[in-house]
Amino acid sequence: MNLQAGKFKAGDRVTVKFEDRPGHIRTPWYIRGKTGWIERVYGDFLNPESLAFGRDGLPKRTLYLVAFNQSDVWPKAVGSKDKILVDIYEHWLIPAA
Amino acid sequence: MSDGHDTRETPQDHGHEHPKHELSYYAKRIYAIRDLLLEKGVITDKDIQSQVEYQEARSPANGAKLVARAWIDPAFKARFIGDPKAACAEMGIDAASINEFVVLENTEKVRHMVVCTLCSCYPRPILGRPPDWYKSFNYRQRAVNDPRGVMREFGLVLPDDVAVRIHDSTADIRYLVLPLRPKGTEGLSETQLAKLVTRDSMIGVMDALPALPPS
């Protein structure tokens with residue numbers, strides 16, 4: 001039961017889990033282990049990691065728009081004001097330390 | 001066709017066409033999967049045909065119509081950003097098959113750019129099929145770590161005080177960039193404005209085309 005749509009809210013700082021496992025993973029490699037903040041809560045969606053294998057996609061997962069400073073993602077982007085925004089499902093996120 | 005070459009790839013006669021030329025590994029794989037899906041009755045020839053027709057009927061002209069309307073009508077723009085699917089329906093554009101549709105508004109100080117680093121997620125129901133470069137490894141890699149370099153190659157040189165926001169479209173959301181209305185276009189009609197809205201400006205790698213100088 002996910003009536004409250006997710007445990008994070010806009011502004012929360014989050015770190016993307018650094019996991020390496022096979023399957024239909026929608027979290028790009030370059031963003032794993034990086035820390036950013038929740039920009040927007042998109043709501044609950046069927047889990048593509050399950051759908052891709054013909055399963056029912058349940059339980060639904062909350063999807064967030066997560067923002068990162070370019071400079072926190074790429075070492076060479078030091079001093080950049082640019083941002084990179086990635087759609088990430090809740091089970092890939094942990095509260096930032 | 002009489003040199004005997006084509007016999008190698010000659011399809012069994014089961015109702016749909018197979019290409020006659022040499023196929024790449026991936027093309028062979030795709031046709032094999034298609035044949036299996038047909039054979040097992042998962043999909044029909046008619047499903048494939050109607051999907052091809054659906055995709056072919058979509059084009060960046062749909063997006064250009066939406067953008068031009070948003071430029072001339074602030075109330076429509078607010079609806080386009082607030083509830084893009086409803087705004088599409090209002091314009092007779094069927095966006096129902098998009099799970100979630102988000103419009104990213106460019107400003108003088110912020111430019112948005114869209115990529116799908118994992119595959120080729122793209123607002124197909126609005127814009128049709130993505131350009132080949134959008135699916136290339138080169139774009140998918142460089143969009144996220146050198147967005148300004150990519151924009152420069154498309155002819156857009158951004159000053160340092162303009163921030164770039166790159167959207168990696170990895171999940172259920174489809175993004176469309178609402179480009180800035182070019183300066184000096186006050187006198188243009190909605191139809192003339194729509195001609196300035198390129199596909200690439202709605203992906204965000206460049207701005208809309210400048211107004212033609214008065215002749």
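In chain B of this predicted model, the axes of helix α3 (residues 60-72) and helix α4 (residues 74-82) come within 5 Å and cross at roughly 130 degrees, where axes are lines fitted to C-alpha atoms, for helices over the stretch in contact, and angles run from 0 to 180 degrees between N-to-C directions. Helices (H or I, at least four residues) and strands (E, at least two) are DSSP runs, numbered from the N terminus. Local features need pLDDT of at least 70, side-chain atom pairs count only at pLDDT 80 or more, and totals for chains, interfaces and linings use all residues. Residues are numbered from 1 along each chain as its sequence is written, while chains are lettered from A and ligands numbered from 1 in the order in which they are written.

**Helix pair in chain B**

- B:Leu66, B:Arg69 and B:Ala70 of α3(B) meet B:Phe76, B:Lys77 and B:Phe80 of α4(B), contact being counted if the C-beta atoms, placed from the backbone, lie within 7 Å.

**Sheet across both chains**

- An open sheet of 7 strands, with mixed pairing, follows the order β5(A)-β1(A)-β2(A)-β3(A)-β4(A)-β3(B)-β2(B), and two strands pair if DSSP finds at least two bridges between them.
- Because β5 (93-95) of chain A and β2 (110-115) of chain B stand at the edges with a single partner strand each, one side of each is left without a neighbour in the sheet.
- Strands β3 (residues 61-69) and β4 (residues 83-89) of chain A run antiparallel and are joined by 7 bridges; A:Tyr64 has A:Ile88 in β4(A) as its bridge partner.

**Helix on the sheet**

- Helix α8 (residues 137-145) of chain B lies across β4 of chain A together with β2 and β3 (163-168) of chain B, and runs at about 150 degrees to β2(B).

Terms used
Two residues are in contact if their C-beta atoms, placed from the backbone, lie within 7 Å.
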